[in-house]
Amino acid sequence: MMSNLTGAERTTAMTIAGFGALIGLAMAAAGHGDPMGVHGWIVLAFFGVLFFIVASALYSPEPVEDRALSYYDDPTKVGIILALIWAVVGMFMGVWVASQLAWPDLRFEGAWSGFGRLRPVHTSGVIFGFGGNALIATSYHIMQRTSRARMPGQISPWFVLLGFNLFCILAASGYVMGVTQSKEYAEAEWYADIWLVVVWVVYFILYMRTLSRRNEPHIYVANWYYLSFILVVAILHIVNNLAVPASWTGAKSYSLFSGVQDAMTQWWYGHNAVAFFLTTGFLGMLYYFLPKRAGRPIYSYRLSILSFWGIVFFYIWVGSHHLHYTALPHWVQTLGMTFSVMLLVPSWASAGNALMTLNGAWGKVRDDATLRFMMMAAVFYGLSTFEGSFMAIRPVNGLSHYTDWTVGHVHAGAMGWVALITFGSIYALTPVLWRRETMYSWKAVEWHFWLALSGTVIYVFSMWNSGIIQGLMWRTYTETGTLKFSFVDSLVAMHPYYIARAFGGLLFLTGACICLWNVVMTILHVPQKAPELDYPTSSEAMEPALPAAE
Amino acid sequence: MFKTILKPFAKLFDFQARTHYRMERHSMALTAGIIVAASIGGFVEIAPLFSIDDTVEDVPDMRIYTPLEQAGRDIYIREGCYACHSQMIRSLRDEVERYGPYSLAVESKYDHPMLWGSKRTGPDLARVGDKFSDDWQVRHLVNPRNLVPESVMPQYAFLLETELKTSDMPGRLAALRAVGVPYTDEMIENAENDMKGQARPETEAADAVMDRYGDDTAVRFFDGRRDRVTEMDAVVAYLQILGNLTDLAQTSQPQAEE
């Protein structure tokens with residue numbers, strides 16, 4: 001890794017790590033007696049380790065070849081491994097908290113292991129740890145290939161990747177200590193939020209600089225999606241996390257917004273985290289890896305345009321469908337519902353575009369589990385966006401809201417779409433990145449596929465059942481006009497589904513463990529083989545960056 | 001058939017595809033396009049909520065949280081209670097009959113952030129205040145399954161053993177004032193004493209709390225322990241005020257939608 005950096009770059013990296021360690025020390029000193037102090041030590045340790053890694057290789061030989069002749073893949077490799085580690089950690093937390101709902105005493109003594117503290121570790125672990133690392137890593141790969149250019153700097157890709165992971169560590173370790181803003185999917189406290197803004201600005205600059213070096217006249221679709229992911233997540237993150245710290249030496253802060261405005265801001269953020277973190281970035285993955293693996297061009301350029309701008313414009317309106325029948329003014333609820341239904345058009349345009357791309361390659365889908373991951377992801381994307389539009393309709397939401405149906409819907413998207421496309425992309429990417437002939441075990445990929453699929457189906461079906469039963473029980477009346485079931489009755493009825501859900505999650509987690517093992521074994525044991533033409537070339541070169549349009 | 005439907009728009013699509021073909025050569029044009037397209041919806045939906053006056057009902061006697069209740073609220077957030085309990089009764093008949101009058105915007109006016117929640121693994125808590133005795137709440141928090149055998153709620157026995165930290169409360173109230181909660185200088189200065197006073201009836205500090213926050217303020221040994229003020233005191237004080245900050249919802253007697 002270090003052999004790709006020049007002496008000057010190593011010094012810069014050391015300076016940054018040293019500066020970070022000083023900030024950590026300052027936080028540890030100032031926040032003594034508060035969780036912020038613990039975070040200070042974590043920051044200090046994080047940068048300290050980086051400092052010593054760089055320092056130990058400071059005087060090792062420098063790169064001799066012209067680096068512009070190759071792509072910069074070291075950060076991508078680390079990003080993929082980190083994504084898989086977070087996947088295992090995050091999904092394990094998911095299985096654990098799911099089991100706590102079936103068997104509430106399945107925890108350790110002490111406050112840290114309660115459901116309320118562990119749940120955000122699961123959600124942040126899989127969304128930001130697994131999803132975020134996968135997005136950053138694949139975006140590095142794709143932006144270089146589709147631009148036919150190496151990334152401009154050697155330090156900034158590392159800064160973004162490792163800085164983002166520091167954010168994830170601060171977030172997850174904070175939750176078990178009770179450090180949370182309570183804003184769903186934005187629980188991390190103020191200093192972690194500020195740090196993420198710094199990281200994100202560097203990410204945006206890195207992306208734009210790579211694009212500006214491209215040897216292709218056009219910016220490929222996948223890059224539009226990654227760009228929208230970077231930009232809009234920045235807007236959402238900054239606005240939703242506006243807060244006043246109770247003290248500069250403590251973790252606690254209070255949101256700038258309150259009540260109904262805060263609810264609207266939170267769900268504007270919350271649903272667009274789904275849109276711009278969990279959808280557009282992963283569509284970028286889909287638009288690159290699916291045609292590449294299938295050896296087919298994207299079915300329709302125009303559908304790509306339509307669905308891209310449709311998603312960017314419509315999604316931002318729909319957050320208020322989380323607040324039907326609440327104290328949020330009626331007109332906002334109606335707007336949210338209307339746009340949610342309209343959103344189906346661009347969503348299905350994307351899913352359809354992906355599936356139509358596979359026309360002529362269905363034989364490969366049958367034989368190649370990697371491509372099947374991507375195909376199934378597109379199918380689940382179509383299904384869960386349909387379900388989402390349906391659930392956003394006010395009377396439907398009256399039944400589904402507050403129940404497990406919502407949880408099932410989210411997981412149809414998160415497991416069926418986000419995780420499957422990521423695993424498919426990782427299987428496609430790993431041999432290319434490490435210059436290997438193939439994955440270590442294709443049988444393990446098959447096993448992973450069927451474990452992931454069955455886990456998702458079991459999970460989603462059990463949550464549909466429990467959610468709808470729950471919703472119906474809450475509103476069932478006796479003949480005399482009184483409520484028939486107490487709340488506890490509905491809770492008892494959930495028990496078998498909670499067990500089934502934990503089992504489905506366990507299957508999915510097993511698949512993720514197999515994936516991590518397979519990737520590690522590929523790196524360690526599969527013979528080397530350089531892929532053809534995987535280096536920056538001018539656009540006049542014979543090989544297109546992607547299969548050519550017909 | 002699909003083509004006939006789309007035919008009137010064919011020219012538009014064609015024009016759009018051609019302009020896009022040029023635009024996508026410029027990264028800054030894409031950036032600007034994305035920012036504009038993604039800003040409109042949020043602006044139209046969120047900005048008016050701050051400017052339209054009847055978004056939040058005007059209630060002059062709306063009470064603010066005492067320092068003890070606010071501390072309880074902070075613990076409620078710390079433990080992630082919002083992950084399973086909503087605080088938002090929707091305007092549906094069964095919810096109103098199960099939980100009480102539907103929630104009004106004003107009731108979370110001083111909630112930074114709001115805790116409306118998104119999931120009811122447990123019941124809604126928007127009006128749980130005064131529904132159960134302090135003693136019931138304490139026992140339930142210590143071990144929910146002692147009182148409700150079917151419950152899946154975690155145990156919070158450690159709240160009863162943990163002394164309440166009071167030293168950072170003035171800073172917290174000051175931060176809340178900065179974001180719009182009308183705490184006075186006097187309230188901020190006396191926050192620590194007020195926290196202890198509200199959990200120690202018939203002391204001077206208790207009287208001072210009533211002076212500052214109103215005679216209706218509940219001053220009790222919330223956790224049943226007389227020797228010290230614990231986190232349990234704060235949480236129970238908070239739970240017992242839920243739904244009682246204003247009586248507008250009860251007095252305006254709202255009817256369910258259906």
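**Group meeting: a walk around the two-chain model**

Okay, let's start with Leu6(B), which sits in helix 1 of chain B. Before I go on, keep in mind that this is a predicted model. Back to Leu6(B): its relative accessibility is 31%, so we call it partly exposed. Leu6(B) has company, because it belongs to a nonpolar surface patch that also takes in Leu306(A), Val345(A), Ile5(B), Phe9(B), Leu12(B) and Phe13(B). Together those side chains put about 610 Å² of accessible area on the surface. Which helices of chain B each supply at least two residues of this patch? That would be helix 1, residues 2-6, and helix 2, residues 10-23.

Now for charge. There's a patch of negative charge on the surface made of Glu202(B), Glu204(B), Asp207(B), Asp211(B), Asp215(B) and Asp216(B). Let me pick out two of its members. Asp211(B) is in helix 12 of chain B, which runs over residues 204-213, and at 65% relative accessible area Asp211(B) is exposed. Glu202(B) is in the loop between helix 11, residues 191-198, and helix 12. Glu202(B) is exposed too, with a relative accessible area of 81%. The backbone at Glu202(B) also deserves a look: phi is positive, about 60°, even though this residue is not a glycine.

While we're on backbone, what is the phi of Asp130(B)? It comes out near 65°, again a positive value in a residue other than glycine. You'll find Asp130(B) in the loop between helix 5 and helix 6 of chain B, and it counts as exposed at 54% relative accessibility. That loop between helix 5 and helix 6, the latter spanning 134-142, also holds Pro113(B). The peptide bond joining His112(B) and Pro113(B) is cis, with omega at about -10°.

One more loop in chain B. Gln87(B) is between helix 4, residues 67-78, and helix 5, residues 93-99. Is Gln87(B) buried or exposed? Buried, at 9% relative accessible area. If you want a distance to check on screen, go from the C-alpha of Gln87(B) to the C-alpha of Ala174(B): that is 25 Å, for two residues 87 apart along the chain.

Next, salt bridges. Side chains of opposite charge can pair when their charged atoms come close. How many salt bridges turn up over all chains? The search of the whole structure gives 36. Here are a few I'd click on.

First on my list is the pair Asp105(A) and Arg145(B), at 3.1 Å from N to O. This salt bridge crosses between chains: Asp105(A) is in the loop between helix 3 (74-102) and helix 4 (115-147) of chain A, while Arg145(B) is in helix 7, residues 144-147, of chain B. The two ends have quite unlike surroundings, since Asp105(A) is exposed at 52% relative accessible area, whereas Arg145(B) is buried at 16%.

Staying in chain A, Arg372(A) and Glu446(A) pair up at 2.8 Å, N to O. Arg372(A) is in helix 14 (residues 369-391) and Glu446(A) in helix 17 (residues 442-474), so this salt bridge ties together parts that are 74 residues apart in sequence. Arg372(A) counts as buried at 9% relative accessibility, and Glu446(A) counts as buried at 17%.

Over in chain B, Arg212(B) meets Glu186(B) at 2.9 Å, N to O. That pair links distant parts of the chain, Arg212(B) in helix 12 and Glu186(B) in helix 10 (residues 185-189), 26 residues apart. Arg212(B) is buried at 18% relative accessibility, but Glu186(B) is partly exposed at 44%. And there's a network as well, where salt bridges with shared partners join Lys252(A), Asp74(B), Lys165(B), Asp168(B) and Arg172(B).

Last topic, cysteines. How many disulfides are there over all chains? Zero. Take Cys168(A): the nearest cysteine sulfur belongs to Cys515(A) and is 18 Å away. Cys168(A) is also buried, at 4% relative accessible area. And why is Cys513(A) not bonded to Cys515(A)? Because their sulfurs are 9.8 Å apart, and a disulfide needs the two sulfur atoms within 2.5 Å. Cys513(A) counts as partly exposed, at 34% relative accessibility.

That's my tour, so over to you.

How values were computed. Residues numbered from 1 in each chain as written. Chains lettered and ligands numbered in written order. Predicted model: local features only at pLDDT ≥ 70, side-chain atom pairs only at ≥ 80, totals over all residues. Heavy atoms only, no water. Patch = residues over 30% accessible without salt bridge, like charges linked within 9 Å, V, L, I, M, F, W, Y side chains within 5 Å. Areas by Shrake-Rupley, 256 points an atom, 1.4 Å probe, with all protein chains shown as cover. Salt bridge = Lys/Arg side-chain N within 4 Å of Asp/Glu carboxyl O. Lys, Arg positive; Asp, Glu negative; His and termini not counted. Charge placed at Lys NZ, Arg CZ, Asp CG, Glu CD. Helix = DSSP H or I, 4+ residues; strand = E, 2+ residues; numbered from the N terminus. Buried < 20%, exposed > 50% of the residue type's maximum accessible area, 1.4 Å probe, protein only.
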